[in-house]
Amino acid sequence: MNPGQDVQLDALDVSLIELLAAEPRIGVLECSRRLGVARGTVQARLDKLVDRKVIGGFGPEVSPAAIGFTVTSFVTLEISQRHGHVPVANHLAGIPEVLEAHTITGSSDLLCRIVARSNADLQRVIDQIVAYEGIRRASTIIALDEQIPYRVLPLVRSAVREGRAPS
């Protein structure tokens, strides 16, 4: 399946996703029991959702704050166009505190979410980021508190309820 291609979800898909989100360690057999469908149906639906990249993984959600990285910030980067995005992304991927990076439109080229142990440690991480010659400028915003954590279940429910998930 091509990225950006819409996948049609139905009520069973949503119920399966909700169940796995609530109880990530639940097995396929228990899912089938709770959803009232055959084990093979659950496995087939799960395989299809993974193949179509609707479900991207089953790993644990780790809280950076719980392991000592209590400062979250967002950094926009302006890069030298002659270096391109890929070498800069490779540099960023080598920094453990960079949790994600996205190419963006506007006056900057990349948006990164980074974490650090303290404000002083944040300076160390930013210095490590901008040490790469392909990065011309960085602008940092420190997050004070998380109002809405990353979530997708309301979107999944809405897509089915409002018929917005075309095939």
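Begin by selecting F74, L111 and I141, which together make a nonpolar surface patch of about 250 Å². Patch members have over 30% relative accessible area and no salt bridge (a side-chain nitrogen of Lys or Arg within 4 Å of a carboxyl oxygen of Asp or Glu), and nonpolar side chains (Val, Leu, Ile, Met, Phe, Trp, Tyr) are joined within 5 Å. Areas come from the Shrake-Rupley method with a 1.4 Å probe, and for residues only the protein chains shown count as cover.

This is a predicted model, in which local features need pLDDT of at least 70 and side-chain atom pairs count only at pLDDT 80 or more, while totals for chains, interfaces and linings use all residues. Residues are numbered from 1 along each chain as its sequence is written, and side-chain values use heavy atoms, with hydrogens and water left out.

Next, keep F74 and add strand β1, residues 71-79, where F74 is found. F74 is partly exposed, at a relative accessible area of 35%, the class between buried (under 20%) and exposed (over 50%).

Now colour the chain by secondary structure: there are 6 helices and 4 strands, taken as DSSP runs (H or I, at least four residues, for helices; E, at least two, for strands). Along the sequence they follow the pattern α-α-α-β-α-β-β-α-β-α. The radius of gyration, over C-alpha atoms, is 20 Å, well over the 15 Å that the globule rule (2.2 Å times the number of residues to the power 0.38) gives for 167 residues, so the chain is more spread out than a compact globule.

Finally, show the whole chain, whose C-alpha atoms fill a box of roughly 55 × 35 × 25 Å along the principal axes; of its 167 residues, 30% count as buried.

Definitions and conventions. Patch = residues over 30% accessible without salt bridge, like charges linked within 9 Å, V, L, I, M, F, W, Y side chains within 5 Å. Buried < 20%, exposed > 50% of the residue type's maximum accessible area, 1.4 Å probe, protein only.
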